[in-house]
Amino acid sequence: MRYLITGGSGFLGKEITLYLKEKGHEVSWLSRNKKLSALGVDVFYWNPAKGFIDENALEGVHIIINLAGTSVSKRWTKAYKKQIIQSRIDACHVLVSYLSSVKHHVSTVISASAIGYYGNTHDHPVSEKSENGHNFLAEVTKEWENAIKPIENLSIRVAVMRIGFVISSTEGAYPLLKRSIQFLGGLRFGKGNQWMSWIHVDDICQFVDWISNQTNLKGTFNLVSPHPLHHSNLIKVICKVLKRFMWPFYIPGFALKLILGESSSLLLDSSRIIPKKLLENGFDWKYTALNQAILDSE
């Protein structure tokens, strides 16, 4: 099959690209960088803010993977919050517009979202049928998913990936956490009793390949391991694997809020997410235990 990836130059896009190419699929990217050249893929220009796509990008494409969107890992100023939302909405709108107006062979769109959709779940387990949360990330993911949904009206299957905390050896939040533990030892964020729902990057890649062939499945999917754990236990597991000391102290929530502002919710909110649809439909995780996922990321 031929895949077209938006946001392909991000760490997740690169991982998925390499995985799909190893499986023998053709992969191309949409990028705002006209001179981008990476991983031996064809790169086509687009400008979501101006509603433009090089129509040649859609030629022969069967599946689109939509990963486009500004990072949420920076401090959320009022202007940056607007950019976070708009970058995602613009990307979805231009895909909907072009898929409804030009000839193509696209049968499936796989679009990213995040478990932030559920907001702070506290101690309550939630599945794909659970309600939307009430904080900024919940607002972002709801608008993001609503923006891609009209593609269903074009008789194109849509699968939305609500992605958890990603374990990867290369980029993303985990390498930053790992480096801090290597140099400073393990410190809990807040009281440490907030739930963390995680997934290894290899299982995200496996999901893309799996859902591509499960043509009877659509809708939202929680991309997390079946075994979430408390933040303090996550730090404990990482410390054990890295052979680093876990301090009996923690960084108070109010201190993180002073330093990071509203984006501190990324560290302090609880996310106890159940991948119900993956369990019901026989998805086979490569990593369900965190210690093995971390060992294999070294």
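Select Phe-245 to begin; Phe-245 sits in the loop that runs between α6 (231-242) and β14 (246-251). The model on display is a predicted one. Add Trp-247 and Phe-249 to the selection: together with Phe-245, these residues make a nonpolar surface patch of about 340 Å².

**The second largest pocket**

Turn next to the second largest pocket, which has a volume of about 240 Å³. Its lining comprises 15 residues, and those closest to the pocket centre are Lys-191, Asn-193, Gln-194, Leu-268 and Asp-269. Select α7 (253-260) and α8 (265-268) as well, for these are the elements that give two or more residues to the lining. Colouring the lining by class will show three nonpolar, nine polar and three charged residues.

**Salt bridges across the chain**

The tour now moves to charged pairs. Side chains of opposite charge can pair when their charged atoms come close. The count for this model comes to eight salt bridges.

Select Asp-123 and Arg-272, whose side chains meet in a salt bridge with an N to O distance of 3.8 Å. This pair links distant parts of the chain, 149 residues apart: Asp-123 belongs to the loop between β6 (108-114) and α3 (136-148), while Arg-272 belongs to the loop between α8 and α9 (276-280). How accessible is Asp-123? Its relative accessibility is 48%, so Asp-123 counts as partly exposed. Arg-272, at 23% relative accessibility, also counts as partly exposed.

Proceed to Glu-145 and Arg-162, where the side chains meet in a salt bridge at 2.8 Å, N to O. Here helix α3 supplies Glu-145 and strand β7 (residues 157-163) supplies Arg-162, a link between distant parts of the chain that are 17 residues apart. Are Glu-145 and Arg-162 buried or exposed? Both residues are buried, that is, each has under 20% relative accessible area.

Now select Asp-202 and Lys-286, a salt bridge in which the closest N and O atoms are 3.2 Å apart. Asp-202 lies in helix α5 (residues 201-213) and Lys-286 in the loop between α9 and α10 (290-295), so this salt bridge ties together parts that are 84 residues apart in sequence. Asp-202 has a relative accessible area of 23% and is therefore partly exposed. Lys-286 is likewise partly exposed, because its relative accessible area is 48%.

For the last stop among the charged residues, select Arg-2, Glu-26 and Asp-42 together. Salt bridges that share partners join these residues into one network.

**Two exposed positions and the distances between them**

Select Glu-22, in helix α1 (residues 11-22). With a relative accessibility of 70%, Glu-22 counts as exposed. Then select Ser-155, in the loop between α3 and β7. Ser-155 counts as exposed too, because its relative accessibility is 70%.

With both residues shown, how far apart are the C-alpha atoms of Glu-22 and Ser-155? Their separation is 29 Å, and the residues stand 133 residues apart along the chain. Keep Ser-155 selected and add Val-61, which is 94 residues from Ser-155 along the chain. A distance drawn between the C-alpha atoms of Ser-155 and Val-61 will read 15 Å.

Technical notes: Residues numbered from 1 in each chain as written. Predicted model: local features only at pLDDT ≥ 70, side-chain atom pairs only at ≥ 80, totals over all residues. Heavy atoms only, no water. Patch = residues over 30% accessible without salt bridge, like charges linked within 9 Å, V, L, I, M, F, W, Y side chains within 5 Å. Areas by Shrake-Rupley, 256 points an atom, 1.4 Å probe, with all protein chains shown as cover. Salt bridge = Lys/Arg side-chain N within 4 Å of Asp/Glu carboxyl O. Helix = DSSP H or I, 4+ residues; strand = E, 2+ residues; numbered from the N terminus. 1 Å grid on protein atoms, 1.4 Å probe; cavity = no way out; pocket = protein on both sides within 12 Å on 5 of 7 lines; lining within 4 Å. Points joined across faces, edges and corners; volume = space filled by probe spheres on them. Nonpolar A, V, L, I, M, F, W, Y, C, P; charged D, E, K, R; others polar. Buried < 20%, exposed > 50% of the residue type's maximum accessible area, 1.4 Å probe, protein only.
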